[in-house]
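Colleague: I would like to learn how to read a few features of a helical model. Could you take me through them one by one?

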Amino acid sequence: MSEPAALSAPGVKTASQARSRATRDALIEALERLLKTRPLERVSVQELAKEAGCAVGSVYRRFDNKEAFLPVVVELASQRMTQSMRAMGPLKLGSEGDLRGDMSEIARRIWTVLDAEAHLLRAAHIHVRLDGDAGGDAPFETLCDGARLAIDTALMRRRPEIKEQARRSAASSAAYLIVSALMEKALYPDRAPARTTAQDGPSLAAMLGDMTGRSLKKL
């Protein structure tokens, strides 16, 4: 795996030898697998060591504690999301279509990214909300910035008469609404408010896109 900058964060011990780096990477990969089944607070160090195929002592020789994995999880989520958004390419706005179609496509892309990395994002989200560590916001800032830019671009193309300040304000608000709702659905599907809707993620994304597009057309 690539060498995340977060591996120099407090609590993460230097792995200078190839064998030590391999064990460290195996632990990170094992944690990611476990996060797909349950939240970080319900993963024990013993389970992590067993999943990685090493002794419990090997965990503590590379990380001070379980929480020391969090900066790595946050950075990994940010990297994955950035890669996914780049792989999708820029939003193509042709002469056909309108804001409703644009917003639906933007919402679909946001859901695709959130759904793929929900296990990592959930750990990062809980961490930043409990500890107030602004550094943990990075994956969500990446997503919100991408959504805001895409919506702003769509508005410039479809509604060039809207003044810049009003357009940017509308783009920021629309991005907030779409990202917030889809985050709840992706990260906490079995809890309110996400469980109050019977729609699955893709259906919810389509509806949010359509609703947002209708609203933006009235500006």
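Colleague: Where is Pro193 found?

Modeller: This is a predicted model. Pro193 is found in the loop between α8 and α9 (201-217). The peptide bond that leads into Pro193 from Ala192 is cis, with omega near 5 degrees.

Colleague: How far apart are the end C-alpha atoms of helix α5, and what should the helix span?

Modeller: The expected span follows from a rise of 1.5 Å a residue. Helix α5 has 18 residues (residues 99-116), so it should span 26 Å, and its end C-alpha atoms are 26 Å apart, which agrees. Helix α7 (residues 138-158) passes the same test: its 21 residues should span 30 Å, and the ends are 30 Å apart.

Colleague: What caps the N-terminal end of α5?

Modeller: Look for a side-chain oxygen beside a backbone nitrogen. Here Asp98 is the cap, with a side-chain oxygen 3.1 Å from the backbone nitrogen of Arg100.

Colleague: Which residues of α5 are buried?

Modeller: Burial means under 20% relative accessible area. In α5 the buried residues include Leu99, Met103, Ile106, Ala107, Ile110, Trp111 and Leu114. Asp102 and Arg109 are also buried.

Colleague: At what angle do α5 and α8 pack?

Modeller: Read the angle together with the axis separation. For α5 and helix α8 (residues 164-187) the angle is about 35 degrees and the axes are 10 Å apart. The crossing is right-handed. Among the residues in contact are Ala107, Ile110 and Trp111 of α5, and Ile178, Val179 and Leu182 of α8. By class, this contact has 10 nonpolar, no polar and 2 charged residues.

Technical notes
Residues are numbered from 1 along each chain as its sequence is written. This is a predicted model: local features need pLDDT of at least 70, side-chain atom pairs count only at pLDDT 80 or more; totals for chains, interfaces and linings use all residues. Side-chain values use heavy atoms; hydrogens and water are left out. Helices (H or I, at least four residues) and strands (E, at least two) are DSSP runs, numbered from the N terminus. The expected span of a helix is 1.5 Å times one less than its number of residues. Buried means under 20% relative accessible area, exposed over 50%, partly exposed in between (1.4 Å probe, protein chains only). A polar contact is a pair of N or O atoms within 3.5 Å; within protein, one must be able to donate a hydrogen and the other to accept it, and residues adjacent in sequence count only if both atoms are side-chain atoms. Axes are lines fitted to C-alpha atoms, for helices over the stretch in contact, and angles run from 0 to 180 degrees between N-to-C directions. A crossing is left-handed if the near helix is turned anticlockwise from the far one by less than a right angle, and right-handed if clockwise. Contact means heavy atoms within 4.5 Å. Ala, Val, Leu, Ile, Met, Phe, Trp, Tyr, Cys and Pro count as nonpolar, Asp, Glu, Lys and Arg as charged, and the others, Gly among them, as polar.
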